[in-house]
Amino acid sequence: MDKYICIVCAYEYDPELGDPDGGIKPGTKFEDIPEDWVCPLCGVTKSDFEKM
């Protein structure tokens with residue numbers, strides 16, 4: 001699975017880990033994250049992430 005990085009703060013979204021604190025279960029592909037999810041570090045939206 002592809003990792004994605006926040007272009008604002010460099011947070012890496014790893015699908016294998018998910019974002020449990022943000023309600024995203026491990027194994028969730030970036031494409032399957034709800035559109036209202038935000039970066040857990042800086043709060044920007046999915047549109048501010050790029051595929052690594």
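Which side chains does a polar contact of 3.3 Å join? In this predicted model, the contact links the side chains of K46 and E35, and the surroundings of K46 offer a convenient entry to the aromatic part of the structure. K46 lies in the loop between β2 and β3 and, with a relative accessible area of 8%, is buried, since residues under 20% are counted in that class. The charged end of K46 sits over the ring of F30, at 5.2 Å from the ring centre. When neighbours within four places in sequence are left aside, the contacts of K46 comprise F30, E31, I33, P34, E35 and W37, a list that includes both the polar partner E35 and the ring residue F30.

The aromatic arrangement was examined next. A pair of aromatic rings is described by the distance of the centres and the angle of the planes. Seven aromatic pairs are present in the structure. In one of them, formed by Y4 and F30, the ring centres are 4.1 Å apart and the planes meet at 15°, so the pair is classed as stacked, the limit being under 30 degrees. Because Y4 belongs to strand β1 (residues 4-6) whereas F30 is placed in the loop between β2 (12-13) and β3 (49-51), this pair ties together parts of the chain that are 26 residues apart in sequence. Both Y4 and F30 are buried, the relative accessible area of F30 being 7%.

F30 also pairs with Y13: here the centres are separated by 5.9 Å and the planes by 55°, so the pair is tilted. Since Y13 lies in strand β2 and F30 in the loop between β2 and β3, the parts tied together by this pair are 17 residues apart in sequence. Y13 is buried, with a relative accessible area of 0%. Y4, Y13 and F30 are among the members of one aromatic cluster, which further contains Y11, W37 and F49.

The residues of this cluster recur in the largest nonpolar core, which consists of 11 residues, namely Y4, C6, Y11, Y13, I24, F30, I33, W37, C39, V44 and F49. For C6, a member of this core, the contacts found beyond neighbours within four places in sequence are Y11, C39, C42, V44, D48 and F49.

The strands that carry Y4 and Y13 take part in an open sheet of three strands, ordered β2-β1-β3 and paired in antiparallel fashion. Within this sheet β2 and β3 occupy the edges, and each has a single partner strand, so one side of each remains without a neighbour in the sheet. Strands of a sheet pair through backbone hydrogen bonds, either parallel or antiparallel. In the antiparallel pairing of β1 with β2, the two strands are joined by two bridges, and I5 stands opposite E12 in β2.

A contrast to the buried residues is provided by M1, located in the segment before β1. M1 is exposed, with a relative accessible area of 61%, as the class requires a value over 50%. With neighbours within four places in sequence again left aside, M1 is in contact with P15, G27 and K29. The C-alpha atoms of M1 and D19, which are 18 residues apart along the chain, are separated by 15 Å.

How values were computed. Residues are numbered from 1 along each chain as its sequence is written. This is a predicted model: local features need pLDDT of at least 70, side-chain atom pairs count only at pLDDT 80 or more; totals for chains, interfaces and linings use all residues. Side-chain values use heavy atoms; hydrogens and water are left out. Rings of Phe, Tyr and Trp (its six-membered ring) pair if their centres lie within 6.5 Å; planes under 30 degrees apart count as stacked, over 60 as edge-to-face and the rest as tilted. Helices (H or I, at least four residues) and strands (E, at least two) are DSSP runs, numbered from the N terminus. Buried means under 20% relative accessible area, exposed over 50%, partly exposed in between (1.4 Å probe, protein chains only). A charge sits over a ring if NZ of Lys or CZ of Arg is within 6 Å of the ring centre and within 35 degrees of the ring normal. A polar contact is a pair of N or O atoms within 3.5 Å; within protein, one must be able to donate a hydrogen and the other to accept it, and residues adjacent in sequence count only if both atoms are side-chain atoms. Contact means heavy atoms within 4.5 Å. Two strands pair if DSSP finds at least two bridges between them. A nonpolar core is a set of buried Ala, Val, Leu, Ile, Met, Phe, Trp, Tyr and Cys residues joined through side-chain atoms within 4.5 Å.
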